[in-house]
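Open the model in your viewer and switch to a cartoon view. Keep the selection tool at hand for the stops below.

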Amino acid sequence: MKTAIYPGSFDPVTNGHMDIIQRASTMFDKLIVVVLINPLKSYSFSIPERVKLLSQATKGIKNIEIDSYDGLLADYFKKHDVDVIVKGLRATSDFEYEFQMAHTNKDLNPKAETVFIPATANTTFISSSMVKQVAMFGGDLSKYVPAVIHEEISRKLTREFAQKRKAAAEKRGEE
Ligand code: COA
């Protein structure tokens, strides 16, 4: 039995991630999607929120498990019975960063091999930041995130952005 892990921040999961998840789930017996932390990033959704959104988005996929881990991917790989790391490549601009991560993970754990799946052409421009920006201004997310979660994402980000705008306006008023 071959088990793959698909790691990422998933802040939030997008149709780009779903493209890789759906295709990887047909290539392996089991796919574990793991929400990890990139300590150099700041996130809009908490880990439980990201796990919940992923669970809702992947409900129809039978051989999938959603998990989260507050540590190194190479250590997660060591602690679980997994065979390979799966990553998506959207464009050559992703390559250098992903190549560096794949080598670092293998250096930290020689068993941690990474395989790359090229993103489907119509998802190559999607990113979580782009989705968040569209949501903050109340734009239509339906083409960028799975239908079951787009309302939840819109609601949270529109509200948060409105609060930030209000706070900024109040601050300017005080000055
Ligand atoms: N389609 C569309 N978008 C995609 C995509 C795809 N197939 N694959 C990735 N993306 C986007 C994401 O939405 C994200 O967009 P954003 O930058 O606007 O938020 C961006 O590409 C980066 O994605 P991600 O894979 O989540 O990278 P990351 O840098 O946010 O996180 C971790 C990478 C979490 C896997 C990595 O930091 C990690 O392993 N952390 C644990 C600690 C560790 O082991 N660190 C050392 C590893 S070298």
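Which residues does phenylalanine 77 touch, not counting residues up to four places away in sequence? Select Phe77 in this predicted model. Its contacts are Ile5, Val82, Ile85, Asn109, Lys111 and Ala112.

**The main core**

Stay with Phe77. It is among the residues with the most contacts inside the largest nonpolar core, which has 26 residues. Add Ile5, Tyr6, Ala24, Leu31, Val33 and Leu54, which share that status. Now colour by element. Strands E1 (3-8), E2, E3 and E4 each give two or more residues to this core, as do helices H1 (15-27), H2 (47-57) and H3 (73-79). E2 supplies the largest share, five residues.

**The sheet**

Next, select the five strands. They form an open, parallel sheet in the order E3-E2-E1-E4-E5. Look at the edges: E3 (64-68) and E5 (114-118) each have a single partner strand, so one side of each lacks a neighbour in the sheet. From one strand to the next, the twist averages 30°.

Zoom in on E2 (residues 30-35) and E3. Five bridges join this parallel pair. Pick Val35 and you will find Ser68 of E3 opposite.

**A helix across two strands**

Select helix H4 (residues 92-108). H4 lies across E4 (84-89) and E5. Its direction is at about 170° to E4.

**The second core**

Last stop: select Ile126, Leu141, Val145 and Leu157. They are among the eight residues of a second, separate core. In soluble globular proteins, nonpolar side chains tend to be buried together.

Conventions
Residues are numbered from 1 along each chain as its sequence is written. This is a predicted model: local features need pLDDT of at least 70, side-chain atom pairs count only at pLDDT 80 or more; totals for chains, interfaces and linings use all residues. Two strands pair if DSSP finds at least two bridges between them. Helices (H or I, at least four residues) and strands (E, at least two) are DSSP runs, numbered from the N terminus. Axes are lines fitted to C-alpha atoms, for helices over the stretch in contact, and angles run from 0 to 180 degrees between N-to-C directions. Two residues are in contact if their C-beta atoms, placed from the backbone, lie within 7 Å. A nonpolar core is a set of buried Ala, Val, Leu, Ile, Met, Phe, Trp, Tyr and Cys residues joined through C-beta atoms within 7 Å. A residue is buried if 20 or more other C-beta atoms lie within 10 Å of its own, exposed if 12 or fewer, and partly exposed in between; C-beta atoms are placed from the backbone.
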